[in-house]
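Got the viewer open? Load the model, switch to cartoon, and follow along one selection at a time.

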Amino acid sequence: MFEFRKIAFALSVASALPLAACGGGGPGDIVLAQMGSYHVGGRAVTIEGKPVREVRFTPGGVPARVDPNGTFLVEHAYAQWFEPRIVRGAAPLLMMHGGGLTGVTYETTPDGREGWLNFFLRRGWTVHNADAVERGRAGWAQFPDIFRGEPIFLAQHDAYERFRIGGGPGTFARKEVLPGSQFPVEAYDAFVRQIVPRWTTTDEPILAAYIAMLDRSCPCVVLAHSQAGQFAFRAAEARPDKVRAIVVVEPAGFGDPARAAALKGIPVLAVYGDFIEQDARWPAIKGNGLRYYDALRAAGGSVEVIDLPRVGIAGNSHMVMMDRNSDAVAGKIQDWLAARGLWR
């Protein structure tokens, strides 16, 4: 039987100060007490009636009999977690990524800078970084047997033109960047390599797996981007006792206004970047969010909306956590959390 022990080790940047010497939310070395990973949620599904076949798994290898029938474990989520030796966050921080993306969103920026995962670890937050159902290390399931429909694959130009890096259709081909954009366009291809296939029919199992993650790893602060906005709010509706605060970064989906009272004890911060007014889709998406926040307030909830250009942080794309000024945005989130007693 294996015995698991806490291990402490340091990943240091020469210019960083030791965490214990920091005050006011300043950065420190990343010194971990422990780290790990887990899969959570999902269900067992039995498939029958498929033909058995032989497969050579390696060139010239001996054929193996593959039976696609049987019981499969599917629709679980994955998370990797990191606990700093000195914990200053009052609850773990659960990071949820957007559509067609994985937890890589929060790790390293396309141009090689540290991502938000490291930013918050350096400030003493325990971080759980998730891969949702059908993304990354959560893995796929058979389709259309289990996942209805087929996955969507995005071409190289898509995110450039849709995530407010360029100004819309045709800007990728012309290499046009929105004026003042903070996205590191020289590393755009590195970002494209992070994009993975996604389904539009898996919202229910994604939500169920996130609720299972709350049950396993929380109470926590939920930090959600884009598509994951709906999962953050709806998971909190299901488990309000498991969520200390919600931070949504340009959410594309929201909760049920009829269930807004369930969130009245959970403070919410919504963060929006630049170039929204001239975009074809984002004024409507943001408008949906503002109406939902009004419903939360009417039910007794607390919501703060930060429009980054209005607080002097300009040029942000939809991928706020990858922009060159991402640390300034993370600092706003850190200050908001500290002001609500969630950082000590």
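## First stop: helix α5

Select α5 and colour its buried residues: Pro 205, Ile 206, Leu 207, Ala 209, Tyr 210, Ile 211, Ala 212, Met 213, Leu 214 and Ser 217. Keep in mind that you're looking at a predicted model. The helix runs over residues 203-217, and since each residue should add 1.5 Å, those 15 residues should span 21 Å; put a distance label on the end C-alpha atoms and you get 21 Å, in agreement.

Just past that helix, click on Cys 218 and Pro 219. The peptide bond joining Cys 218 to Pro 219 is cis, with omega near 25°. Pro 219 sits in the loop between α5 and β10.

## Zoom out

Now show the whole protein chain, which has 8 helices and 13 strands. Its C-alpha atoms fill a box of roughly 60 × 55 × 45 Å along the principal axes. How does the radius of gyration fit with a compact globule? For 344 residues such a globule would come in near 20 Å, and the protein chain has 21 Å, which agrees.

Turn on the surface next. The accessible area is about 15,600 Å², and carbon and sulfur atoms account for 54% of it. Of the 344 residues, 53% are buried. If you like contact maps, take the contacts between residues at least 6 apart in sequence: 72% of them join residues at least 24 apart.

For charges, select the 37 positive and 35 negative side chains; the centres of the two sets lie 4 Å apart.

## Helix α6 and its surroundings

Select residues 228-238, which form α6. Here 9 of the 11 residues are buried, so the helix is largely enclosed by the rest of the structure. The buried ones are Ala 228, Gly 229, Gln 230, Phe 231, Ala 232, Phe 233, Ala 235, Ala 236 and Glu 237. What do they pack against? Bring up β8, α5, β10 (220-225), β11 (243-249), β12 (268-272) and α7 (282-298), and you have their packing partners.

## Strand β7: Ala 79

Go to Ala 79 in strand β7. Buried or exposed? With a relative accessible area of 0%, Ala 79 is buried. Beyond its sequence neighbours within four places, Ala 79 is in contact with Gly 36, Ser 37, Tyr 38, Asn 129, Ala 130 and Met 213. Met 213 takes you back to the first stop, as one of the buried residues of α5. Now add a C-alpha distance label from Ala 79 to Asp 131: these two are 52 residues apart in sequence and 6.0 Å apart in space.

## A loop residue: Thr 105

Select Thr 105, in the loop between β8 (93-96) and α1 (116-122). Despite the loop setting, Thr 105 counts as buried, at 3% relative accessibility. Show sticks for the residues Thr 105 touches, leaving out those up to four places away: His 97, Gln 194, Met 319, Met 321 and Met 322.

## Strand β13: Val 305

Strand β13 covers residues 303-307, and Val 305 is in it. Val 305 is partly exposed, with a relative accessible area of 25%. Not counting residues up to four places away in sequence, Val 305 touches Ala 270, Tyr 272, Leu 290, Tyr 293 and Arg 297. Label the C-alpha distance to Ile 246 too: Val 305 and Ile 246 are 12 Å apart in space, with their positions 59 residues apart in sequence.

## Backbone oddities

Last, the backbone. Most residues other than glycine have a negative phi, and most peptide bonds are trans. Here are some exceptions to click on:

- Glu 75: phi is near 60°, a positive value. Find Glu 75 in the loop between β6 (70-74) and β7 (77-84); at 12% relative accessibility it counts as buried.
- Glu 250: phi is near 45°, again positive. Glu 250 is in the loop between β11 and β12 and is buried, with a relative accessible area of 0%.
- Phe 143 to Pro 144: this peptide bond is cis, with omega near 5°. Pro 144 lies in the loop between β9 (127-131) and α2 (156-162).

Notes. Residues numbered from 1 in each chain as written. Predicted model: local features only at pLDDT ≥ 70, side-chain atom pairs only at ≥ 80, totals over all residues. Heavy atoms only, no water. Helix = DSSP H or I, 4+ residues; strand = E, 2+ residues; numbered from the N terminus. Expected span 1.5 Å × (residues − 1). Buried < 20%, exposed > 50% of the residue type's maximum accessible area, 1.4 Å probe, protein only. Rg over C-alpha atoms; globule rule 2.2 N^0.38 Å. Contact = heavy atoms within 4.5 Å. Areas by Shrake-Rupley, 256 points an atom, 1.4 Å probe, with all protein chains shown as cover. Lys, Arg positive; Asp, Glu negative; His and termini not counted. Charge placed at Lys NZ, Arg CZ, Asp CG, Glu CD.
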